[in-house]
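Student: I have a structure to read and some questions about it. Can we go through them one by one?

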Amino acid sequence: MPGNFKNCIFLRGKAMIWNPEAEANCLYELRKRQAESLVRQVRNVYAHVPFYKKKMDNAGVKPEDIQSLEDIAKLPFTTKHELRDTYPYGLLAVPESHIVEVHTSSGTTGTPVVDAYTRGDIEIWAEVMARTLAMAGAGSGDVIQNAYGYGLFTGGLGVHYGARKLGANVIPISAGNTKRQLMVMKDFGTTILTCTPSYSLFLAEAADEEGIDFRKLKLKAGCLGAEPWSENMRREIEDELNIHAYDIYGLTEIIGPGVSSECEEKNGLHINEDHFYPEIIDPQSGEVLPEGEKGELVFTTLTKEGTPVIRFRTRDITYLFRDKCSCGRTVIKMHRLLGRTDDMLIIRGVNVFPSQIEQVLMRIEETEPHYQIIVDRGKTHLDEIEVLVEVEESFFSDETRALERIREKISEEIKSELGISAHIKLVEPHTIERSMGKAKRVIDKRQI
Amino acid sequence: MSVKQISVFLENKSGRLAEVTKALGKGGINLRAITIADTADFGILRLIVNDPDGALKILEKEGFTAKETDVLAVEVEDKPGGLAKVMEIFEKNRVNIEYLYATLEKNRDNAVVIFKVEDIAHGQKIIEENNLPVVSGFNF
């Protein structure tokens, strides 16, 4: 019985593995199960989802052609665009009456994507989230302050179901109301915080103003996700909140949070690959790339019932690797996200990820990562990049010369790191929008 | 013998200066000297006030980046050649000046000029040695 407490493995001084049968299985057994699930899922979608039948027919693939994991390459990809076109219920693989819960993506960039869960899907979600929270050291007796938004967004309820399955005490505080967050953290002895990484820093800032010392709180770990962040930002969060900060990854199209997460090694995110089969492809050619090579991450939901997806292109850039992780888990890992195929900026022909600029800013010690990148075409019709950086007290000076020097230093570092010239503009604190949810780091004004 | 100057970071956009002065006015802060150093993108507002610590608190609460710096407030004879006399002493003794500006103050018949010098300890020593009159506070 996976998920039962008596089956959990406790290693000396390590966090528990919630479901060793799934997370620490031998590779042969794992791949056998994955193949069985894949064959079953492909037959299922071909029979029950006209959208997939049509796609497979157009590609000349029959369900019988899929016999092994390698055969997955024969199947056509699914894009976010297609998922939107099927709004709201075009991808259902079960009768509508079997759906017990619905979530959607925020839809900020268009029609939202729908994730419709059966009772079984909710059970899978709780299971993978229990694994995620256990990976961060949570268990029965822990107090999980869940500051992800409750509602259509998957973050809130995903953590909630996982925490409940784990037997921890979950505080469903949802996002926002910073003062109350701090009060609850203090009064209820929160041990695990779940929210976006930028919100955790926002909380740290607010705590500072309120005179709250994180060293005196019981907080020990954060499960942070729903937006990209860097290794430098992790160091800052761990330092300011006095916790271990773990990266967690998930997306509405697949299940929500619970797709993959970090263990205490903080070296790559373990993918729950018995449920979500990962591939890395060349974003241009669509060719499957071997382990260790960077490319676009693609997922197939092997077990999902309500709205299964086949070879969904996430647009996230990373690579996969399978190492001997000291935590004892054997499942494949993905490196933390290296960028997005869609937020990658091409500046005068150079590929630039906002995270690279963030790293430069963090390296120049004086600057906190409150920045915004504005891309535009000037009078010369060439790409111009401007980086707004908030002036912090730590490097503010009464002399213009000193501030100009900081500006030049940032500009030089960006030039040497990325090979592009950027205009650095120093701005007043709190002028760049702080988000409770996703940070808007890039404004692209180019009309191409 | 030094006084505290408040510096505030300002972007070059309309209304910012009005907001700073409004906030300080509301808080009962009296301005004794004010000057702006500006570049194409930003400016640094420098202020001498009656209550520097109070002013800093107000500015921080309003979300401005601000800090205190020690500067010298030297009395200068209010007649032609008055400032030149002080400058000559500074020059002769290698007191390097980063910037200077005048205040609204008048002590007896003397004007009060604010000096930000590279090495404040050295500046203070030269002032003492030459018996230049200084102002050490604007507490009114």
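Student: Which residue stands opposite A:Val375 in S21(A)?
Tutor: This is a predicted model, where local features need pLDDT of at least 70, side-chain atom pairs count only at pLDDT 80 or more, and totals for chains, interfaces and linings use all residues. Residues are numbered from 1 along each chain as written, chains are lettered from A and ligands numbered from 1 in written order, and side-chain values use heavy atoms, without hydrogens and water. Strands are DSSP runs (E, at least two residues; helices are H or I, at least four), numbered from the N terminus. Opposite A:Val375 in S21(A) stands A:Asp444.

Student: How many bridges pair strand S18 of chain A with S21(A)?
Tutor: Two strands pair if DSSP finds at least two bridges between them. S18 covers residues 371–377 of chain A, and its pairing with S21(A) is parallel. The number of bridges is three.

Student: Which strands stand at the edges of the sheet S20-S19-S18-S21 of chain A?
Tutor: This sheet is open, has four strands and shows mixed pairing. An edge strand here has a single partner strand, so one side of it is left without a neighbour in the sheet. The edge strands of chain A are S20 (422–427) and S21 (442–444).

Student: At what angle does helix H10 of chain A run to S18(A)?
Tutor: Helix H10 spans residues 354–363 and lies across S18, S19 (383–390) and S21 of chain A. Axes are lines fitted to C-alpha atoms, for helices over the stretch in contact (heavy atoms within 4.5 Å). Angles run from 0 to 180 degrees between N-to-C directions. For H10(A) against S18(A), the angle is about 130°.

Student: Which strands of chain B does helix H11 of chain A lie across?
Tutor: H11 covers residues 400–418 of chain A. Its direction is at about 150° to S3(B). The strands of chain B are S1, S2, S3 (42–49) and S5.

Student: What is the strand order of the six-strand sheet in chain B?
Tutor: The sheet is open and its pairing is antiparallel. Its edge strands are S2 (31–38) and S5 (97–107) of chain B, each pairing on one side only. The order is S2-S3-S1-S4-S6-S5.

Student: What is the bridge partner of B:Gln5 in S4(B)?
Tutor: Strand S1 (residues 2–11) and strand S4 (residues 66–77) of chain B run antiparallel. Seven bridges join them. The partner of B:Gln5 is B:Thr69.
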